[in-house]
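Student: I am new to this model and would like a close look at one single part of it. Please start from one residue and work outwards to what surrounds it.

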Amino acid sequence: NYETDGEIELASYTCPSCGAEITGDDTMGSTVCPYCGDAAVIKGQFEGTLRPDYIIPFKIEKKAAMNAFEADFKNAPFLPDEFKIKKKIEEMTGVYVPFWMFDGKASGEASYKATTSKVYEKGDEEITETRHYEVSRAGSIGFEKIPVDASSKMPDDHMDSIEPYDYSGLKEFSTAYLPGFLADKYDVSVKDSQKRADTRCASTLEDALRGTVTGYDSCTLEHKQIDLKRGKVHYALLPVWMLHTKWNGQDFLFAMNGQTGKMVGDLPTSKGKFWGLFATIAAPMTVVLTIILMLS
């Protein structure tokens, strides 16, 4: 069961719009849902759930995160003004996102068809000599704590993009790290997350095997066989600064690694700003073109 370590009391918060279930300290009066931006988050009784094994505390403070977002937005000339309002950026929320961390081992072999080519001249002729090779590789890699986010509300591509986390900052879980932040409750099971972990293990081994095939002009995979052995699964909370904004009926979610500061997010384009800039550039060009035509 989820315990409080005798440090703080926890409460649950449910968003009526997207259904997100998040936890925070009991003194938190109100909050904004980090996933959909709804301000009407309902506070309720905290119910016991699986206790995390690990946590990586926030290292990037909110002010630094805000400054980074502001700087990123300023570098986007066609970004709608709504995104640059300081009050909107201040709605950024620090969230501990749930992750399953998988241990395991990948073993396998792969075979490739490779070629080398050499061009030389013989008399008046240019000759290309191509040699063909069959290349085989085999090996294994052990893995510890492969992260897979366990929240269905958090886009997987966002989480993959702000990795990696520095595991030297991994701590045994304690609720002492929670005050001032929210903690999302996992809603994707270990079983449903395993496939992503398996894919990452297999892909890493495939890339490692392919990386040893060097010195050829071309290399084509012919066959592969990857076997996976699953190990222990850990439950962890990892820090993410999140900013949700709605514009023209669309949702935009920005995320920042709360430990390293790495950011991800899709910026919309204001058509008015784009065409306004285009008009300022096109007008002088039109005048020049007209003068040229008159003189010709």
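Does Y165 count as buried or exposed, and at what relative accessibility?

Tutor: Y165 counts as buried, because its relative accessibility is 9% (buried is under 20% relative accessible area, exposed over 50%, partly exposed in between, with a 1.4 Å probe and protein chains only). The model is predicted, so local features need pLDDT of at least 70 and side-chain atom pairs pLDDT 80 or more, while totals for chains, interfaces and linings use all residues. Residues are numbered from 1 along each chain as its sequence is written, and side-chain values use heavy atoms, without hydrogens or water.

Y165 lies in the loop between α3 and β7 (helices are DSSP runs of H or I with at least four residues, strands are runs of E with at least two, and both are numbered from the N terminus). Beyond its neighbours within four places in sequence, Y165 is in contact with I56, L238, P239, V240, N257 and Q259, where contact means heavy atoms within 4.5 Å. With P239 there is also a polar link: the side chain of Y165 reaches the backbone oxygen of P239 at 2.9 Å. A polar contact is a pair of N or O atoms within 3.5 Å; within protein, one must be able to donate a hydrogen and the other to accept it, and residues adjacent in sequence count only if both atoms are side-chain atoms. T260 is 95 residues from Y165 in sequence, yet their C-alpha atoms are 7.2 Å apart.

The same loop also holds P164. The peptide bond from E163 to P164 is cis, with omega near 5 degrees. Most peptide bonds are trans.

Next comes helix α3, residues 156-161, where H158 is placed. H158 is buried, with a relative accessible area of 9%. The side chain of H158 reaches the backbone oxygen of L253 at 2.9 Å. Apart from residues up to four places away, the contacts of H158 are L253, A255, V264 and G265.

Two of those partners, A255 and V264, face each other: V264 in β11 is the bridge partner of A255. Strand β10 and strand β11 (residues 263-264) pair in the antiparallel sense over two bridges, and strands count as paired if DSSP finds at least two bridges between them. Together β10 and β11 make a hairpin with five residues between them, and G261 in the turn has a positive phi of about 90 degrees. Six of the eight residues of β10 are buried, so β10 is largely enclosed by the rest of the structure.

Strand β10 also supplies residues to the largest nonpolar core, as do α1 (62-74), β5 (93-122), β6 (125-149), α4 (190-211) and β9 (218-247), each giving two or more. That core has 37 residues, and those with the most contacts inside it are F69, M92, Y96, L237 and W241. A nonpolar core is a set of buried Ala, Val, Leu, Ile, Met, Phe, Trp, Tyr and Cys residues joined through side-chain atoms within 4.5 Å. The largest share, seven residues, comes from β5. L237 touches, among others, P52, I56, Y96 and F173, not counting residues up to four places away. L238, one of the contacts of Y165, belongs to a second, separate core of 22 residues that also includes V97, F99 and M242.

Strand β5 has a partner as well: 23 bridges join β5 to β6, and the two run antiparallel. Along them S117 stands opposite T130 in β6. The hairpin of β5 and β6 has two residues between the strands, and G123 in the turn has a positive phi of about 70 degrees.

Within β6, two residues deserve a note. V135, found in this strand, counts as buried at 5% relative accessibility, and its contacts beyond four places in sequence include A110, Y112 and V213. K145 is also in β6; it has a positive phi of about 55 degrees although it is not a glycine. K145 is buried too, with a relative accessible area of 17%.

To set this part in the whole: the protein chain has five helices and eleven strands, and 40% of its 296 residues count as buried. Of the contacts between residues at least 6 apart in sequence, 77% join residues at least 24 apart.
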